[in-house]
Amino acid sequence: MTMAISPTISPEIERHRTFDVDRIRNDFPILDRSVNGHPLVYLDNAATSQKPTTVINALTDYYQEYNSNIHRGVHHLSQKATDAYEDSRSKIGQFINAEKSQEIIFVRGTTEAINLVAQSFGRKNFAMGDEVLITALEHHSNIVPWQMICEEKGAKLVVVPMTDEGDLDLDAYRRLLSQKTKIVAITHVSNALGTINPIKEMIAMAHSKGIPVLVDGAQAVPHMVVDVRDLECDFYAFSGHKMYGPTGIGVLYGRKRLLESMPPYQGGGDMIKSVSFEKTIYNDIPHKFEAGTPNISGGIALGVAVEYLCSLDRASIGEYESSLLDYATAQLSSIHGVAIIGKSKNKASVLSFVLESVHPHDIGTILDMEGIAIRTGHHCAQPIMARLGISATARASFAMYNTFQEVDALVRGMYKVIEVFKQ
Ligand code: C6P
């Protein structure tokens, strides 16, 4: 079958073809490998991104040179590890423009960050009849923790609806904010559809009624500059592994005043000032929320990932990624039988689609044979699928190291899928 890659490339897209992507690709050793006899085309970045050499080296360096527990030892290695870990906390604080590094709590990832707020803030502040306002665009991680605490407290989960294109209904949002709303929890960027929500405006609307806001930033931090003070959010959660850092480490940003008012999430070592059988005095933030030996190497290497991102021109990366998305959208839309799922005008790095009469898992399997990695399924966002009346999509998600040629490979792969399934 002949492959028709659409010749209609806008001047804007053409301009971004000159972005020095090779320089960035050189920093990611895994991108040189082959899969199933083809050069790897990694388009599953929303699930997890690849890691640059500096991050990989930071992990090895910690274990080879100064592996030691932190906040506990007077010896040289422990001091060095503690300094590196706390240094990383400061770098991350600056990266998102937090006012104080104590506002950065290390957690396992976005999921744990949201559970922490639900279990700590929620347990303290929710009562029978209260409401938690989330949106139709949430990942399960920003649904289930709220359901759990709502069930326990007799509170209610209320959901802001979305349009068929995948935009939130802001009029409904305004109406749903009420005296009963104890917190708003919204995703910054949808992992299933790519919609970028107008969170600054949504935070201001909630604040005008005195309601705090948690933002799930898992899919935003890798792609755009996030400034928590400019957004004025109360909590912001993100994962290291989606922003070129290691797995098992992430961040909860919280306003100092709020974090100080919240009870600990877990008990154990490091989160205390003193313990007796009669009474325990808790440590100050951030340590109050960091019980037990943490992911030390991960915390340090996340700081290195942040340094790496800060060494790049993030504005041009953002423009480059959005031109890749525009190009991929145009190319895939031109394939007969393909429908794009999620058509917001404001999208980041995620392209969900379906192909008539072919299950997304079959698309994923055939593309894998061509060395192309995408994700297929419900993307841990089953309510979005239910809202759109589908069970699954195929999802290509882009990072700054992806290329226009890789988009072309995806399109060629889709023609292979069509070839295999044609009657
Ligand atoms: N989404 C995806 O393929 P963790 O697993 O804790 O690092 O991140 C959870 C999470 C929370 N919110 C959003 C918007 C997310 O996209 C994710 C993770 C991955 O889309 C894995 S399901």
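This passage describes the domains of a predicted model and the surroundings of its ligand.

In the domain assignment, the protein is divided into domain 1, which is made up of residues 11-32 together with 313-421, and domain 2, which covers residues 55-310. The C-alpha centres of domain 1 and domain 2 are 28 Å apart, and the two domains are joined by contacts in which 32 residues of domain 1 meet 29 residues of domain 2.

The ligand occupies the space of the largest pocket, and the shell of residues around the ligand takes at least three residues from domain 1 and at least three from domain 2. By residue type, this shell consists of four nonpolar, 10 polar and four charged residues. There are 18 residues around the ligand, and those that come nearest are T111, D216, Q219, S239 and R375.

Several side chains place polar atoms at short listed distances from the ligand, as follows. For R375, a polar side-chain atom is found 2.5 Å from an oxygen atom of the ligand, while for R395 an N or O atom of the side chain is 2.7 Å from an oxygen atom of the ligand. In the case of K242, the ligand atom concerned is a nitrogen, which lies 3.0 Å from an N or O atom of the side chain. When the ligand is considered alone, an area of 510 Å² is exposed, and 87% of that area is buried by the protein.

Methods
Residues are numbered from 1 along each chain as its sequence is written. This is a predicted model: local features need pLDDT of at least 70, side-chain atom pairs count only at pLDDT 80 or more; totals for chains, interfaces and linings use all residues. Side-chain values use heavy atoms; hydrogens and water are left out. A residue is near a molecule or strand if one of its heavy atoms lies within 4 Å of it. A polar contact is a pair of N or O atoms within 3.5 Å; within protein, one must be able to donate a hydrogen and the other to accept it, and residues adjacent in sequence count only if both atoms are side-chain atoms. Accessible areas come from the Shrake-Rupley method with a 1.4 Å probe; for residues, only the protein chains shown count as cover. On a 1 Å grid over the protein atoms alone, a cavity is a set of points where a 1.4 Å probe fits but cannot get out, and a pocket is an open set with protein on both sides within 12 Å along at least five of seven lines; lining residues have an atom within 4 Å of a point. A molecule sits in a cavity or pocket if more than half of its atoms lie within 2 Å of its grid points. Ala, Val, Leu, Ile, Met, Phe, Trp, Tyr, Cys and Pro count as nonpolar, Asp, Glu, Lys and Arg as charged, and the others, Gly among them, as polar. Domain bounds come from an automatic or database domain assignment. Contact means heavy atoms within 4.5 Å.
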